[in-house]
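Open your viewer, switch on a cartoon view and keep the selection tool handy. We will go from stop to stop, choosing something new each time.

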Amino acid sequence: MEEQDAARLWIAAADAAEVSGTVPEHFYVEVANGLRAYVRAGRMRAAVAAELVTRCLDLPLAARPARDLVPAAFVTSLQLDLTVYDAAYIVLAEAADAVLVTADRELARAYDRVELVS
């Protein structure tokens, strides 16, 4: 299966409440920033990116406050040589005993229970 297809399947499953998802609250900012980069590079129209931002905000995901994740994410970031932003995803996945779904290859290499999508 293509990685893009896998990403679409995960999003559809979350949207249909077939799977539950929990994200650090900065997830939404990171998605918007990534879409901004596509627009700036001429790979996506701004209107399409704005629609995707709205769709992301509408996904039935539980967002965990950064305040709850930062202490462990800081330690994990030093241990795994990741940004604190990325380490927060690992901390959250570990706490939930969950699979980490990510499009970030470096982050995927740092965790053993991962689904790499893009």
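Start by selecting His26, which is buried, with a relative accessible area of 15% (buried means under 20% relative accessible area, exposed over 50%, partly exposed in between, with a 1.4 Å probe and protein chains only). You will find His26 in the loop between β1 and α2; helices (H or I, at least four residues) and strands (E, at least two) are DSSP runs, numbered from the N terminus. Show the side chains around it: leaving aside neighbours within four places in sequence, His26 is in contact with Tyr85, Ala88 and Tyr89 (contact means heavy atoms within 4.5 Å).

A word on what you are looking at: this is a predicted model, in which local features need pLDDT of at least 70 and side-chain atom pairs count only at pLDDT 80 or more, while totals for chains, interfaces and linings use all residues. Residues are numbered from 1 along each chain as its sequence is written, and side-chain values use heavy atoms, with hydrogens and water left out.

Now colour by pLDDT, the predictor's confidence in each residue, from 0 to 100. The protein averages 90, and 94% of the residues score at least 70. Among the elements, helix α1 (residues 3-15) has the lowest mean, 72, and α4 the highest, 97.

Next, select residues 84-96, helix α5. Its 13 residues reach 18 Å from first C-alpha to last, close to the 18 Å expected at 1.5 Å a residue (the expected span is 1.5 Å times one less than the number of residues). Which residues of α5 are buried? They are Asp86, Ala87, Ala88, Tyr89, Ile90, Val91, Leu92 and Ala93. Their cover includes β1 (21-24), α2 (27-40), β2 (61-64), α4 (66-80), β3 (100-102) and α6 (105-109).

Stay on α5 and pick Val84, which is partly exposed, with a relative accessible area of 32%. Not counting residues up to four places away in sequence, Val84 touches Ala73, Phe74 and Ser77.

Just past the helix, click Asp97, in the loop between α5 and β3. Its phi is near 50°, a positive value in a residue other than glycine. Most residues other than glycine have a negative phi. Asp97 is exposed, with a relative accessible area of 59%. Then visit Asp81, in the loop between α4 and α5, which also is not a glycine and has a positive phi of about 55°. Asp81 counts as exposed at 66% relative accessibility.

Turn to the largest nonpolar core (a set of buried Ala, Val, Leu, Ile, Met, Phe, Trp, Tyr and Cys residues joined through side-chain atoms within 4.5 Å). Of its 13 residues, Phe27, Tyr28, Leu61, Ile90, Leu100 and Leu107 touch the most other members. The elements giving two or more residues to this core are α2 and α5, and α5 gives the most, with three. Apart from this core lies another, of six residues, among them Leu69, Ala87, Ala88 and Val91.

Finally, show the surface and look for the largest pocket, with a volume of about 1,700 Å³. On a 1 Å grid over the protein atoms alone, a pocket is an open set of points where a 1.4 Å probe fits, with protein on both sides within 12 Å along at least five of seven lines; lining residues have an atom within 4 Å of a point. Of the 40 lining residues, select those closest to the centre: Ile11, Phe27, Val31, Ala103 and Val117.

Definitions and conventions:
Grid points are joined across faces, edges and corners, and a volume is the space filled by probe spheres set on the points.
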